[in-house]
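Please look over the sequence and the structure shown here, and then read the short report that follows.

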Amino acid sequence: MAAEANNVASRSSLLLALRAAARTALIAFGLLLPLIAFRAVHDIRNELVLETRWPLFAAFVAIAFAGRLLWELLPRESLKIRLAAFARAPGQLLSAAAACLVLANVLRLAAKSLADTDAAIALAFTYLFAFATFAFVIGAVGAWVIRRYPAGTETGRQRRHQIGVGLRTGALGFLLVYPLMLFWLAGSQGSIKWIDNFGIQILIYVMLGWGLNIVVGLAGLLDLGYVAFYAVGAYSYALLAKSFGLSFWILLPLAGILAAFWGVLLGFPVLRLRGDYLAIVTLAFGEIIRLVLINWVDLTNGYAGISGVPRPSFFGIPFTDGPDGFAARFGLEFNAIYRTMFLYYVILVLALITAYVTMRLRRLPIGRAWEALREDEIACRALGINTTTTKLSAFAIGAMFGGFAGSFFAARQGFVSPESFTFMESAVIVAIVVLGGMGSQIGVAAAAIVIIGGTELMRELDVLKAIFGRDFDPTQYRMLLFGLAMVVIMIWKPRGLISTRTPSVFLKERKAVSGAHVREGHG
Amino acid sequence: MEVFVQQLINGVTLGSIYGLIAIGYTMVFGILGMVNFAHGDVFMVSAFIALIAFLILTSWIGAGLIALALVVVLIVAMAMTALLNWAIERVAYRPLRGSFRLAPLISAIGMSIFLMNFVQVAQGPRNKSIPPLFSEVIVLFTVDGYDVTVSYKQIAIWLTTGVLLLAFWYLVSKTALGRAQRACEQDQKMAALVGINVDRTISITFVIAAALAAVAGTMYLVHYGVVSFADGFTPGVKAFTAAVLGGIGSLPGAVIGGLAIGLIETLWSAYFSSDYKDVAAFSILIVVMIFLPQGLLGRPEVEKV
Amino acid sequence: MTLLRVEHLTMRFGGLVAINDLSFTAERGHITALIGPNGAGKTTVFNCITGFYKPSEGRMALQFGDPAVWDEIEALTERGQRGLECRAGSLFLLERMPDFLVAQKARVARTFQNIRLFPGMTVLENLLVAQHQPLMRASGWSVLGMLGLPSYARAERAAIEKARLWLDRIGLTERADDPAGALPYGAQRELEIARAMCTDPVLLCLDEPAAGLNPSESAELARFLRTLRNEHAISILLIEHDMSVVMEISDHVIVLDHGVKIADGPPDVVRDDPKVIAAYLGVEHDEVSQVEAEVGL
C-alpha cells in the first residue's frame, strides 16, 4: 500500500515537474525567439538581412527545459541540510580541498598530454581548481573556528578577535608582498599583467568603493554619479600636469581638493532630495560632466581624450631607460615592471589611507552623525545636528577619495578620455558597495575583488575557446555576466555579503548589529 | 517662425516616443515605488524585436503591404516585449519585494546592463539600419523657400500614439484592472485583504508598461530607421525625466512631460547647439527635481514628522 | 518665571487651519500638559515650537538665564533677529529658527509620537549622537579628532560616562551594546527620553510618552518625569492622552480643540471645566450640564 502511494506521489511529482519544465521552456522559447533564433546582419551591399541560428536557439530552450526539470526534481531541502552538515566538518572540507588539488593536477597533466599545443587550457584548469581549493580551505578554517570558539563564551570571543586581527595582518602582508612574490615566481614578463590587471585594477575599485561607501553606506545617500568625481580628479591631473608640468605628488592632493569642491557644489542643491530622486539627480550630474568633457573640445579634446599625460616618477626620479632613470640610479637593469610595481604600491597606500580615514571618521562624532542620518534624518534634526553640513561633508570626503583615485588613474594610464567615465562605471562602483554590504569595508573590498577580479578573469578564460570554438571571445561576455551576477547576488543576499554593522563605540563589548535593524537611508 | 513650426512638428513626434516610455516608468514607480532602471533597455530590446519582425515580414511579402506589415510588427513587438518584461519582474524584482529598498534598484541596474550586453552579443555591436519608410512628406506651407513639412511617418506616429493612449487611459481609469492598480498603489496589504491579487496586478502593470515601450520602440525604429544596443540608456533617462517633469505617478503627467522634453530637445538643437541637447535634458531633470519635485501634475509630498 | 511664551500662533495647511490664534506660556520648572481630542492640533504645536513647521503667524519666544532679557523681546522682534545670547541669559524667537538650531541653540529637545530612535545603532551610540554638538567641538570639527589628540578622547569618555548615567536611571545599562531597534517598546520610549535629555535641554517636549504603555509602566513613567523635573530643574511640555498621568504630574494644563485653546489652568480646574468635558465627549457644552444634572452631579 505504502509503496504504491509512494509510487503515485512520485509519478505525480514527476508530472508536475515536467509541466513546470515545459512552461519554462515555452517562456524561454518566446523570450529567445526574436533575438537568438534570428540575427540581423549587414550583407556586402550593406543591407540588413536575416541569419537564422536554429541549433543555438534549440539548445537554449532545451537547457531551460532541462534546468527547470532538474530544479524541480532535486531534493533541494535535504541537499541543503547535507551540504550544511558537510560544511560544518572541517576535516571533510580539508579532505575535499586535498582532493581538489589532486584532481586539478591530474586534469592539468591530462589536458597537457591531450593537447600539448594548448597550454592555456591546462592553465585555466589549474586556476579553476586552485580557486576551488582555496575556497574549501577558507571554508574549513571558518568551520573550525566556529566550532572551536563559539561566539557565546568569553574566551571564544577573545580568540575570535585574535583570529580576526591575525587574518587582517595576514591579508595586509599578502598585499605588501604580492607584486614581489609574482615577480619572483613568474618573472617580469609573466607578472606584469597580474600586478597591473589584478593588483592595480582591483585596488582602484577597492578605493573607489571605500570612497563611495562613505556616501552610500554610512550616510545613506545613494549617489549614482560618483564617476563624476573620478573624472574631475583624472582631468585635473591630466590638464594641470600637461599645461603646468606640476608633479604627481603636488597634483594628487590638488585633484582631491578639486573633486571635494565639486562634491560640495553638486551636493548643495540636491541634498534635500530623498530616495530614488537623489539617485537620478546624481546620475544626471554624472552624465552632464561626461557630456561636457565630450563637447568642450578646446579644453578636453573631446572624444579623442588627452594623451601623453605625464607618468608619475619615483619622487622625482623618472622610470625611464637612461642614466637618470630609476633603474640606472638604483643600479638595476631597466625594466618596465618597476613602474608597475611602484604604481601598485602607490594605489595600495592610497586605498589604505582611504580605509584608515574612514575607520577613524566612523568613530568620531561626524561619522556617527552620518550613520544617524542614514537611520533617521528627522531624529537627527531634533537632536540639533545640521543635516545639510553633515551630508555635504560626506559628499565632499567621498568625492575627495574619488578625485585621488581619478588622478592616480590618469597617471597610470597616461591617457584620459570621456569613455572611462560613463554611467557604467558609477553602476559598477555602486554595485561593489551594495554587494559588499553597505558600510562594511571588508565587504566592499571582497565585492571589488569578486566583481573586478571576476570580470578580469573572464579575459583569461581561453578554456572557453576550446569548448565554444576558436572565434569565441570571452571578453564580450564580461559585462553580460556582470549584469546577471548583480541580479543573482541581490536575490541571494539583498543586504550584501556582510550585512552586520560594527558599532563605533561600546560600553562592555563590541557586538555586531544584525542587518535586520540597520536602515538604508532614504537618500 | 517657419523653423519654429517645423521643430514643433518634429518635437511632438519625438515627445510621443518619450511619453510612451515615460508611462512605463511612472506606472511602475506608482505601484512599486521603484525606478525601473531597465525600462530604457526594455524599450531598446523592443526596437530590436520590431526590427527582426520587420525583416521577416519584408522578406516574405512585397513592399506594397508595408503598412500592413508594420501593424503586424507592432503587435508582435508588443507581445514579445510584454513577455520579456513579465519575465524580468518575475525573476529580478518579485523575489526582492518588501526587502532592502536598494536591492530592487541594484537588481534593475544589473538587468539593464544584462539586456544591453545581451543584445550586443546576440545581435552584434553595429548599428542596424533599415531603408527609410514613408518618407513622403506633405508640404504645409513655404516661407522664403523653406518648406514646413510633415511626413506620413510622423502622422502615423501621432495617430498610433493617440489611439493607444486613449485605449490605455480607458483601461486604467474605467476597468476593474485599473481600480486594482490604483488600490495597490495606495496600500498593497489592504488591497490584498480586500481580495485583489497583488502579484497579478503588478505583473499586468509590467506587461502594459512593456507594451507601451514596444510601441515607442517600433516608432523609434520607423522614425530614425536605425537602432543599436546602446540606444536604451539615453532615451530611458530622458523618458524618466519626462515622467518626473510631469509628476511621477501621474499618467497624463508622463505624456505631457514626454511632449515637453521632446519639444525642448528639438528646439534646443535648432536654436542653440545639438551638442549640448542632452546636457539640456539632464539639466531640466535636475532643475525640476530641485524646484518642483512633485512635477507638473503630481501630488506634493508633505514631510511627516 | 516664564520659559516659553507662545503668542497668536496660527498654522494653516492650504485652506485647513490646524492652529488658530493660540497663546499660552510654559513656566520654568513646570510640567505643562497639552491635551485635547485627536486632531486638535497638539502635535502641530510641537512641530512649530521645535522648528519642523514654519508657523503661518505668531511669535514663540523662549528664554533662559536671567529673566531680565525678556525685556529685549520687542527690540529683537523689530530688528528681525533670531535671538540674543549674552552672558546673563538667552532669548530666542523660535519661529525664525530652523529645526536643528532650535535644538542646538534654544535647547529644546523632543520625542516623537511614533518613536524615532536610530534602530541600527546601539543604545550607547544613540546617546552619543545626542551629544553631537559638544563632541564635535571637542574633536575640533573632526580635525583634531583625526589627529588623535587626547582632548577628544577625554571628551568622548565624559560623553560615555554621561550616557551611562542616563542608562542607569532608565535601567538599560545591561543593554548598552545592543541595537536600539531590538529593545522592547517601553524601553524604546524611555531611551528616546534619555536621548533627548543627553542634549542638555531647558525644555523637553514629549509627544505622547505613555502611548502603548500598560498602567504600571505609565505610573513608572509619571514618576520618572517628576524626578526629571525635580532633580534636573527641567521644564516639560507634554502631550498625553492618558489622563491619569496628566492629572498626576502636570502643574498646568492647556486644552486644545480644533486648533483653538478652550481651557487653561491647573489640572483640577481644567478637569471640571464643562467645555473640556464637552470637547472630549464631542457634544456642545450646554448639553453637558444637562447630562450632569441627569446623573446627579
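## Chain C: elements and overall form

In this predicted model, chain C contains 13 helices together with eleven strands. Its radius of gyration is 21 Å, close to the 19 Å that the globule rule gives for 297 residues, so chain C is as compact as a globular protein of that length. Taken along the principal axes, the C-alpha atoms of chain C fill a box of roughly 75 × 50 × 35 Å.

## Chain C: interior, surface and charge

Of the 297 residues in chain C, 54% count as buried, and among its contacts with a separation of 6 or more, 64% come from residues 24 or more positions apart. The accessible surface of chain C amounts to about 12,400 Å², with carbon and sulfur atoms accounting for 52% of it. Chain C carries 29 positive and 41 negative side chains, and the centres of these two sets lie 9 Å apart.

## Chain A

Chain A has 19 helices and four strands, and 50% of its 523 residues count as buried. Residues 24 or more positions apart make up 69% of the chain A contacts with a separation of 6 or more. About 24,700 Å² of chain A is exposed, and 68% of that area is supplied by carbon and sulfur atoms.

## Cysteines

Over all chains, the structure holds zero disulfides. C:Cys48 is in no disulfide, the nearest cysteine sulfur being that of C:Cys205, 12 Å away; C:Cys48 is also buried, with a relative accessible area of 1%.

The sulfur of C:Cys198 lies 15 Å from the closest cysteine sulfur, in A:Cys380, which is too far for a bond. C:Cys198 is buried as well, with a relative accessible area of 2%.

How values were computed: Residues are numbered from 1 along each chain as its sequence is written. Chains are lettered from A and ligands numbered from 1 in the order in which they are written. This is a predicted model: local features need pLDDT of at least 70, side-chain atom pairs count only at pLDDT 80 or more; totals for chains, interfaces and linings use all residues. Side-chain values use heavy atoms; hydrogens and water are left out. A disulfide is a pair of cysteine sulfur atoms within 2.5 Å. Buried means under 20% relative accessible area, exposed over 50%, partly exposed in between (1.4 Å probe, protein chains only). Helices (H or I, at least four residues) and strands (E, at least two) are DSSP runs, numbered from the N terminus. Contact means heavy atoms within 4.5 Å. Accessible areas come from the Shrake-Rupley method with a 1.4 Å probe; for residues, only the protein chains shown count as cover. The radius of gyration is taken over C-alpha atoms; the globule rule is 2.2 Å times the number of residues to the power 0.38. Lys and Arg count as positive and Asp and Glu as negative; His and the chain ends are not counted. The place of a charge is taken as NZ of Lys, CZ of Arg, CG of Asp or CD of Glu.
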